[in-house]
Structure formats: structure tokens, C-alpha cells
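This report looks at side-chain packing in a single chain. The sequence and the structure come first, followed by notes on rings, charges, the core, a cavity and the backbone.

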Amino acid sequence: QVQLVESGGGLVQAGGSLRLSCAASGRTFSRYSIAWFRQAPGKEREFVTAISWNGVTSYASFARGRFTISRDNAKNTVYLQMNTLKPEDTAVYYCASPKIAYTFNNFDPTTNDYWGQGTQVTVSA
């Protein structure tokens, strides 16, 4: 049984920062890639960033230079540091992971098997 739980969302003014956390349980955490997605009202769920089992990262264009993904395997947690937030970053943010270990291709929602319930990020103008 794999469980992912997001936390750290909230209300922030434009230009501010938030750090989201994704806590995982139920399997050997260090073997799996973790991705972040977001979904705004009326919009499709979109890829934000991902980190592989061996620390390789990938970022969507809008996230590059502002967001940083990292992982702490000792804590079974992946973090998403978001700086210089913009109103268009407002969305529910989800973490996700594939079923297969030692892979790094979870850049689309359909390539992920496990999902958290999401955490709301709201950025005011």
C-alpha cells in the first residue's frame, strides 16, 4: 500500500514563496521517482516538476528558475520550493509516483500510479 500526502499549501501574495512537502509511505522510497502536478479550476492537470530515484530533475518551462524540487530519502519526503509566485500559479498541487522502480518518465499524469490528495496554493495579486 503506497500513500502520498501533500502539505504546505496556503495563501501567499505575488512574489512570495511556499515550500510544499510530499510525504510517502508503503514502499522503499528511494527507488522511485516523484513528480508534482497542478490543476487550476477549468484547466487540465499539468506537469510541474519531477525528481528521479537518483536525483535527476526535470521542470516545466514555467517552473524553471522559480521552483526547485528536492528529496530527503531519510524522511521519505520530496519538497517543492516555490519562489517568486505568480497569480497564475494558483492551483491544487499534487504529488505522484509510478508503480515501477528505477524509472524516470513520469512527466504525464497517465504515467503515474499513486497520487496524493493535493494541497491548495493560492497566490493573490
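## Tyr-102 and its partner

In this predicted model, Tyr-102 has a relative accessibility of 48%, so Tyr-102 counts as partly exposed. Tyr-102 belongs to the loop between β9 and β10. Its phi is near 55°, a positive value in a residue that is not glycine. Most residues other than glycine have a negative phi.

The ring of Tyr-102 pairs with that of Trp-53: the centres are 5.1 Å apart and the planes stand at 90°, so the pair is edge-to-face. This contact links distant parts of the chain, with Trp-53 in the loop between β5 and β6 (57-59), Tyr-102 in the loop between β9 and β10, and the two positions 49 residues apart. Trp-53 has a relative accessible area of 34% and is therefore partly exposed.

## Other aromatic pairs

The structure holds 7 aromatic pairs. One of them joins Phe-47 and Phe-107, edge-to-face, at 5.5 Å centre to centre and with 75° between the planes. Phe-47 lies in strand β5 (residues 46-51) and Phe-107 in the loop between β9 (91-97) and β10 (114-115); the pair links distant parts of the chain, 60 residues apart.

Is each of these two rings buried or exposed? Phe-47 is buried because its relative accessibility is 15%, under the 20% limit. Phe-107, at 33%, counts as partly exposed. Both residues also belong to a cluster linked by ring pairs, made up of Phe-37, Phe-47, Tyr-94, Phe-104, Phe-107 and Trp-115.

## Charges over rings

Trp-115, a member of that ring cluster, has the charged end of Arg-45 over its ring, 4.9 Å from the centre. A second arginine, Arg-38, lies over the face of Phe-62, at 3.7 Å from the ring centre.

## The nonpolar core

In soluble globular proteins, nonpolar side chains tend to be buried together. The largest nonpolar core here has 24 residues. Those with the most contacts inside this core are Trp-36, Phe-67, Val-78, Leu-80, Met-82 and Tyr-93.

Which elements give two or more residues to the core? They are the strands β3 (18-25), β4 (34-39), β5, β7 (67-72), β8 (77-82), β9 and β11 (119-124). Strand β3 provides the largest share, 4 residues. Strand β5, one of the contributors, also holds Phe-47 of the edge-to-face pair with Phe-107.

## One cavity

Rolling a probe the size of a water molecule over the atoms shows where empty space is left. The count comes to 1 cavity of 30 Å³ or more. The largest cavity contains about 50 Å³ of space.

Its lining consists of Val-2, Leu-4, Ala-24, Ser-25, Arg-27, Phe-29, Tyr-32, Ile-34 and Ser-97. By class, this lining has 6 nonpolar, 2 polar and 1 charged residues.

## A second positive phi

Asn-76, which is not a glycine, has a positive phi of about 55°. Asn-76 is placed in the loop between β7 and β8, and both of these strands give two or more residues to the largest nonpolar core. With a relative accessibility of 29%, Asn-76 counts as partly exposed. Tyr-102, where the report began, likewise has a positive phi, near 55°, and lies in a loop, the one between β9 and β10.

Notes:
Residues numbered from 1 in each chain as written. Predicted model: local features only at pLDDT ≥ 70, side-chain atom pairs only at ≥ 80, totals over all residues. Heavy atoms only, no water. Phe/Tyr/Trp six-rings, centres within 6.5 Å; stacked < 30°, edge-to-face > 60°. Buried < 20%, exposed > 50% of the residue type's maximum accessible area, 1.4 Å probe, protein only. Lys NZ or Arg CZ within 6 Å of the ring centre and 35° of its normal. 1 Å grid on protein atoms, 1.4 Å probe; cavity = no way out; pocket = protein on both sides within 12 Å on 5 of 7 lines; lining within 4 Å. Points joined across faces, edges and corners; volume = space filled by probe spheres on them. Nonpolar A, V, L, I, M, F, W, Y, C, P; charged D, E, K, R; others polar. Core = buried A, V, L, I, M, F, W, Y, C linked by side-chain atoms within 4.5 Å.
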